[in-house]
Amino acid sequence: MRGRFTFLAGCVLVGLILVVAAVSLVWLPYDPADTSGGRLAPPGGAHLLGTDKLGRDLLTQLMVGARIALTVGIGSVLVGGLLGVAGGLIAGFATRWLDDALSAVLDILIAFPTLLLAMLVVAAREASLGSAILAIGLAMSGVVARLTRILVKRVLAQDYITAARTSGTSWPRVVAEHVLPNIWPTLLVNLSLQLGLAVLAEASLSYLGLGPPPPNASWGRLLQEAQATVLTSPTGAIAPGVLLVVLVVGVNLVADGFRDLADPTRRRTR
Amino acid sequence: MGRYLLRRTGFLLGSLLAAAALLFVLLRLLPGDPANALLSVGATPEQIAAARRQIGSDVPLPEQFAAWLAGLARLDLGTSFVSRLPVGPEIAARLVVTVPLTLLSFALAVLIALPVGFVAAWRSDRWYGLLLNGVSQLGIAVPVFWIGMLLVTVFALRLRVLPAGGFPRGDWAEPGRALTSLALPVITIALVMSASLIRYVRSATLDVLGSDYLRTARALGSSFAGAMWRHGLRNASVPVISILGIELATTFLGAVVVESVFTLPGLGTLLVEGIAEHDYPVIQGVLAVSTFAVLMIGFAADLAQRLVDPRLRAHVGGGRP
């Protein structure tokens, strides 16, 4: 009951941002580069949310920002998820020394804080949409791989695996029929939590000027640009933050709700 | 414990070495020659060669790596391309800001999270328990720099009770002024950090509250406070301590971003400047120091956890999962 409510509430919030991003692909109030609006126009009139210090329409920027946030978030979860699940599967099936070596590498990768690793990748490449996706994806792959490894080990220790092997099932079929179906709900929950973290990481990178460069209007960069004029035009310094929180809370709620729905044994004690 | 300590120390040293290697390799994947950072457009081949000699990028990579490791062992982090000053002392000067910022924020976050997390679990069916839980749910979704911006707007720009940013020139010569300039950054980081901590404290407390041993203790006549004190706290503290290590590391990272909001001359702003100016020795140095700090914190947290939880000590060298 609780899980369903949480899940639905999360879906509504994420859906809101998804719709905004989808609409931005086919329609925008203004051209994102259009600076004809007059500087720091207040909300209302021709510009529903006002303009920024260069005269660009804020609503347009926010809509493009939704697209950037989702692109980087989903892109880095794909990168991190593929790398992490593949690495975790290998480590989970590996014999002792290979497993030990992979686990040590994973522990070190995890010891690297996400944001520092992302900053390192950006420093080594350049600030771009691709760098941000690669950097954040790489940084999350360690955590995903370690989780996958533990889940795989747990499944492989079950009697039904021994039974399947004894009756002649090949390892690839064991993975497809027994391992993946058993671990995907937990993985999916973790990946959606990672999606929220990735969106926050992208915002931080952009705030520091290390994210996707203009004309990609990232919410993090919008906030950074609005910081100097927060007293005269507060909308620009508030709206991108609110959208960030809506997206991340939504993703977290979806993850929490899905966990409660998918796994009845994990329902909260109270 | 001795054998564990030995193994864990070995792992720490291995990770430090691997981290140094990872830093080196990733930065060398760069498309350009780091010497370009020293040169203006249209430099002659002689100037390029001189620049490469100066920063040592004219020797093969293994030799560069060996030189860097040797430097690290001597705590010599090289010379900045931009300021031409040694990186080590520069980082040390920045740590004077970042370390107090991290520790104060962490302490405040723990002070907030322990009581709030406990109440959120203990009174999880009352409205304020639910409210605290909801607020912490919100807190983990808020970008730390945005909280900083909002606090600056309210307390520095509107109410004018605290400085909006900067740090006194004499560092800690005037402790009062230094502390005032750290006040908003510390509150910013602590608010965001405490949100995730509250969730861990809450779930650890919920586990204890629903446990059989607590019910047994109560049935045998212990008061709630007595049973909590004797059995609950120690059990609840095990998962919380392991998460504290991670949180301390996260606080340190929060500091990296928040320093930019408040223009504090710390490690974070040094890193951002280094990246903007392609100043590789600075980037490498800051990342090496931060990563080592994070690894050391993890080491300390693991040891602390074993001290609290005898069950972990019993499994030394024991079975693998």
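**Exercise 1. Locate A:Leu13 in its helix, classify its exposure and list its contacts outside the local sequence.**

Step 1. A:Leu13 lies in α1 of chain A, a helix covering residues 2–26, where helices (H or I, at least four residues) and strands (E, at least two) are DSSP runs numbered from the N terminus. The model is a predicted one, in which local features need pLDDT of at least 70 and side-chain atom pairs count only at pLDDT 80 or more, while totals for chains, interfaces and linings use all residues. Residues are numbered from 1 along each chain as its sequence is written, chains are lettered from A and ligands numbered from 1 in the order in which they are written, and side-chain values use heavy atoms, with hydrogens and water left out.

Step 2. The relative accessibility of A:Leu13 is 24%, and therefore A:Leu13 counts as partly exposed; buried means under 20% relative accessible area, exposed over 50%, and partly exposed in between (1.4 Å probe, protein chains only).

Step 3. Once neighbours within four places in sequence are set aside, A:Leu13 is in contact with A:Val246, A:Val249, A:Gly250 and A:Leu253, a contact being heavy atoms within 4.5 Å.

Step 4. A:Gly88 is 75 residues from A:Leu13 along the chain, and the C-alpha atoms of these two residues are separated by 31 Å.

**Exercise 2. Treat A:Gln61 and A:Ala201 in the same manner, asking for each whether the residue is buried or exposed.**

Step 1. A:Gln61 belongs to helix α2 of chain A, residues 58–93, and A:Ala201 belongs to helix α7 of chain A, residues 171–207.

Step 2. A:Gln61 counts as buried because its relative accessibility is 4%. A:Ala201 is likewise buried, since its relative accessible area is 10%.

Step 3. Leaving out neighbours within four places in sequence, A:Gln61 is in contact with A:Pro32, A:Arg56, A:Ala217 and A:Leu222, and under that exclusion A:Ala201 is in contact with A:Leu115 and A:Ile136.

Step 4. From A:Ala201 to A:Thr71 the separation is 130 residues in sequence and 13 Å in space, C-alpha to C-alpha.

**Exercise 3. Describe chain A as a whole: its secondary structure, its extent, its burial and its charges.**

Step 1. Chain A contains nine helices and zero strands, and its C-alpha trace spans about 75 × 45 × 35 Å along the principal axes.

Step 2. Of the 270 residues in chain A, 51% are buried. Among the contacts in chain A with a separation of 6 or more, 69% are between residues 24 or more positions apart.

Step 3. The accessible surface of chain A is about 12,000 Å², with 68% of this area belonging to carbon and sulfur atoms; such areas come from the Shrake-Rupley method with a 1.4 Å probe, and for residues only the protein chains shown count as cover.

Step 4. Chain A carries 20 positive and 15 negative charges, whose mean positions are 7 Å apart. Lys and Arg count as positive and Asp and Glu as negative, with His and the chain ends not counted, and the place of a charge is taken as NZ of Lys, CZ of Arg, CG of Asp or CD of Glu.

**Exercise 4. Check whether the end-to-end distance of helix α1 of chain B agrees or disagrees with its length in residues, and then examine its burial.**

Step 1. Helix α1 of chain B has 27 residues, 2–28, and the expected span of a helix is 1.5 Å times one less than its number of residues.

Step 2. The expected span of this helix is therefore 39 Å, and its end C-alpha atoms are 39 Å apart, so the two values agree.

Step 3. The buried residues of α1(B) include B:Arg8, B:Leu12, B:Ser15, B:Leu16, B:Ala19 and B:Leu23. An α-helix has 3.6 residues a turn, so residues three or four places apart point the same way.

**Exercise 5. Describe chain B through its domains and overall values, and place B:Pro89.**

Step 1. The domain assignment, which is automatic or taken from a database, gives domain 1 (2–73) and domain 2 (92–276) in chain B. The centres of domain 1 and domain 2 of chain B, taken over C-alpha atoms, are 35 Å apart.

Step 2. Chain B has twelve helices and zero strands, and its C-alpha atoms fill a box of roughly 85 × 60 × 35 Å along the principal axes. Of its 321 residues, 45% are buried.

Step 3. B:Pro89 is in helix α4 of chain B, residues 87–122, and is exposed because its relative accessible area is 53%.
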